[in-house]
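The exercises below are meant to be worked through with the structure in view. Each one sets a task and then gives a solution in steps.

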Amino acid sequence: MTGNRTYRIVDEERIDGILRPIFIRNGGDFYLTDLKIFADGAIHYREWDDLDGLRSKLAAGWVATTLDEGARASAHDLASWRFGKVVTWITAEELLG
(Lines give C-alpha, C1' and ligand atoms only; values in the text may rest on other atoms or scores of the structure.)
Protein backbone atom coordinates (compact mmCIF):
# COMPACT_ATOMS: atom_id res chain seq x y z
CA MET A 1 0.00 0.00 0.00
CA THR A 2 1.42 3.37 -0.97
CA GLY A 3 -1.25 5.44 0.78
CA ASN A 4 0.27 4.87 4.20
CA ARG A 5 3.70 6.35 3.47
CA THR A 6 5.01 9.69 4.71
CA TYR A 7 8.33 11.45 5.15
CA ARG A 8 9.93 14.41 6.83
CA ILE A 9 13.00 16.48 6.00
CA VAL A 10 15.78 16.88 8.58
CA ASP A 11 18.90 18.85 7.64
CA GLU A 12 17.97 18.52 3.96
CA GLU A 13 17.74 14.72 4.28
CA ARG A 14 14.53 12.85 3.55
CA ILE A 15 13.52 10.40 6.29
CA ASP A 16 10.84 7.95 5.17
CA GLY A 17 8.05 6.74 7.40
CA ILE A 18 4.66 5.08 7.53
CA LEU A 19 1.27 6.07 8.90
CA ARG A 20 -1.26 3.98 10.74
CA PRO A 21 -4.48 5.11 12.40
CA ILE A 22 -4.70 4.99 16.19
CA PHE A 23 -6.99 6.23 18.91
CA ILE A 24 -5.77 8.54 21.66
CA ARG A 25 -7.74 8.27 24.93
CA ASN A 26 -8.25 11.62 26.65
CA GLY A 27 -10.56 11.55 29.62
CA GLY A 28 -13.26 9.06 28.65
CA ASP A 29 -13.20 10.02 24.97
CA PHE A 30 -11.20 8.62 22.04
CA TYR A 31 -9.66 10.67 19.25
CA LEU A 32 -8.66 9.22 15.89
CA THR A 33 -5.22 10.36 14.74
CA ASP A 34 -2.24 9.13 12.75
CA LEU A 35 0.73 7.35 14.28
CA LYS A 36 3.73 8.34 12.15
CA ILE A 37 6.74 6.05 12.46
CA PHE A 38 10.00 7.16 10.81
CA ALA A 39 13.06 5.15 9.75
CA ASP A 40 15.30 7.00 12.23
CA GLY A 41 13.15 5.90 15.19
CA ALA A 42 11.22 9.14 15.64
CA ILE A 43 7.50 8.72 16.26
CA HIS A 44 4.77 11.35 16.06
CA TYR A 45 1.19 11.15 17.39
CA ARG A 46 0.07 14.57 18.55
CA GLU A 47 3.63 14.96 19.92
CA TRP A 48 7.14 13.77 19.06
CA ASP A 49 8.33 10.67 20.87
CA ASP A 50 10.44 7.52 20.55
CA LEU A 51 9.73 3.81 21.01
CA ASP A 52 10.11 3.96 24.80
CA GLY A 53 7.70 6.90 24.96
CA LEU A 54 5.17 5.06 22.80
CA ARG A 55 5.57 1.99 25.01
CA SER A 56 4.75 4.06 28.13
CA LYS A 57 1.76 5.75 26.44
CA LEU A 58 0.42 2.29 25.49
CA ALA A 59 0.94 1.01 29.04
CA ALA A 60 -0.92 4.04 30.42
CA GLY A 61 -3.78 3.55 27.95
CA TRP A 62 -3.30 7.01 26.39
CA VAL A 63 -2.63 5.30 23.05
CA ALA A 64 -5.58 2.92 23.01
CA THR A 65 -5.69 -0.60 21.61
CA THR A 66 -8.95 -1.38 23.42
CA LEU A 67 -12.07 0.75 23.06
CA ASP A 68 -14.93 1.06 25.52
CA GLU A 69 -18.49 0.21 24.43
CA GLY A 70 -20.57 3.39 24.38
CA ALA A 71 -17.53 5.70 24.60
CA ARG A 72 -17.50 8.83 22.50
CA ALA A 73 -15.02 9.04 19.62
CA SER A 74 -14.03 11.87 17.33
CA ALA A 75 -12.16 12.38 14.07
CA HIS A 76 -11.09 16.04 14.22
CA ASP A 77 -13.15 18.29 11.94
CA LEU A 78 -14.87 15.26 10.41
CA ALA A 79 -17.28 13.45 12.73
CA SER A 80 -18.01 12.19 16.23
CA TRP A 81 -19.81 9.01 17.29
CA ARG A 82 -20.24 6.46 20.07
CA PHE A 83 -18.76 2.97 19.95
CA GLY A 84 -21.09 -0.01 19.78
CA LYS A 85 -20.15 -3.69 19.43
CA VAL A 86 -16.44 -2.91 19.65
CA VAL A 87 -13.98 -5.38 18.13
CA THR A 88 -10.26 -4.61 17.93
CA TRP A 89 -7.63 -6.59 16.06
CA ILE A 90 -4.34 -5.36 17.50
CA THR A 91 -2.78 -5.52 20.94
CA ALA A 92 -0.32 -3.06 22.43
CA GLU A 93 2.48 -5.59 21.87
CA GLU A 94 1.53 -5.99 18.21
CA LEU A 95 1.44 -2.23 17.71
CA LEU A 96 4.93 -1.93 19.17
CA GLY A 97 6.13 -4.73 16.86
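Two strands are said to pair if DSSP finds at least two bridges between them, and the helices (H or I, at least four residues) and strands (E, at least two) are DSSP runs numbered from the N terminus. The model is a predicted one, in which local features need pLDDT of at least 70 and side-chain atom pairs count only at pLDDT 80 or more, while totals for chains, interfaces and linings use all residues. Residues are numbered from 1 along each chain as its sequence is written, and side-chain values use heavy atoms, with hydrogens and water left out.

**Exercise 1. Strand pairing**

Determine in which sense strand S7 pairs with S3, and in which sense with S8.

Step one: strand S3, residues 29–38, and strand S7, residues 72–75, run in the parallel sense and share three bridges, and within this pairing leucine 32 stands opposite alanine 75 of S7.

Step two: S7 also pairs with strand S8, residues 79–82, here in the antiparallel sense over four bridges, where serine 74 has serine 80 in S8 as its bridge partner.

Step three: the hairpin of S7 and S8 has three residues between the strands, and aspartate 77 takes a positive phi near 60° there.

**Exercise 2. Arginine 8 and its partner**

Find the strand that holds arginine 8, and decide whether this residue is buried or exposed.

Step one: arginine 8 lies in strand S1, and with a relative accessible area of 18% it is buried (buried means under 20% relative accessible area, exposed over 50%, partly exposed in between, with a 1.4 Å probe and protein chains only).

Step two: the side chain of arginine 8 meets that of aspartate 40 in a salt bridge, 2.8 Å from N to O, the term standing for a side-chain nitrogen of Lys or Arg within 4 Å of a carboxyl oxygen of Asp or Glu. Because arginine 8 belongs to S1 (residues 5–10) and aspartate 40 to the loop between S3 and strand S4 (43–44), the pair ties together parts that are 32 residues apart in sequence.

Step three: aspartate 40, at 45% relative accessibility, counts as partly exposed.

**Exercise 3. Salt bridges involving helix H1**

The structure holds six salt bridges; examine the ones that join lysine 57 to glutamate 47 and aspartate 52 to arginine 55.

Step one: in the pair of lysine 57 and glutamate 47, the closest N and O atoms are 3.0 Å apart. Lysine 57 is in helix H1 (residues 51–60) and glutamate 47 in the loop between S4 and strand S5 (48–49), so parts ten residues apart in sequence are tied together.

Step two: aspartate 52 and arginine 55 have their closest N and O atoms 2.8 Å apart, and, being three residues apart in helix H1, they are separated by about one helical turn.

Step three: aspartate 52 counts as exposed at 53% relative accessibility, whereas arginine 55 counts as partly exposed at 38%.

**Exercise 4. The two sides of H1**

Work out which residues of H1 are buried and which elements they pack against.

Step one: the buried residues of H1 are Gly53, Leu54 and Leu58. Seen down the helix axis they fall within an arc of 140°, taken from the directions from the axis to the C-beta atoms, so they line one face of H1.

Step two: these buried residues pack against S3, S4, S5, strand S6 (63–64) and helix H2 (92–96), contact meaning heavy atoms within 4.5 Å.

Step three: the face turned away from the buried side carries the exposed residues Asp52, Ala59 and Ala60, and just after H1 glycine 61 takes a positive phi of about 85°.
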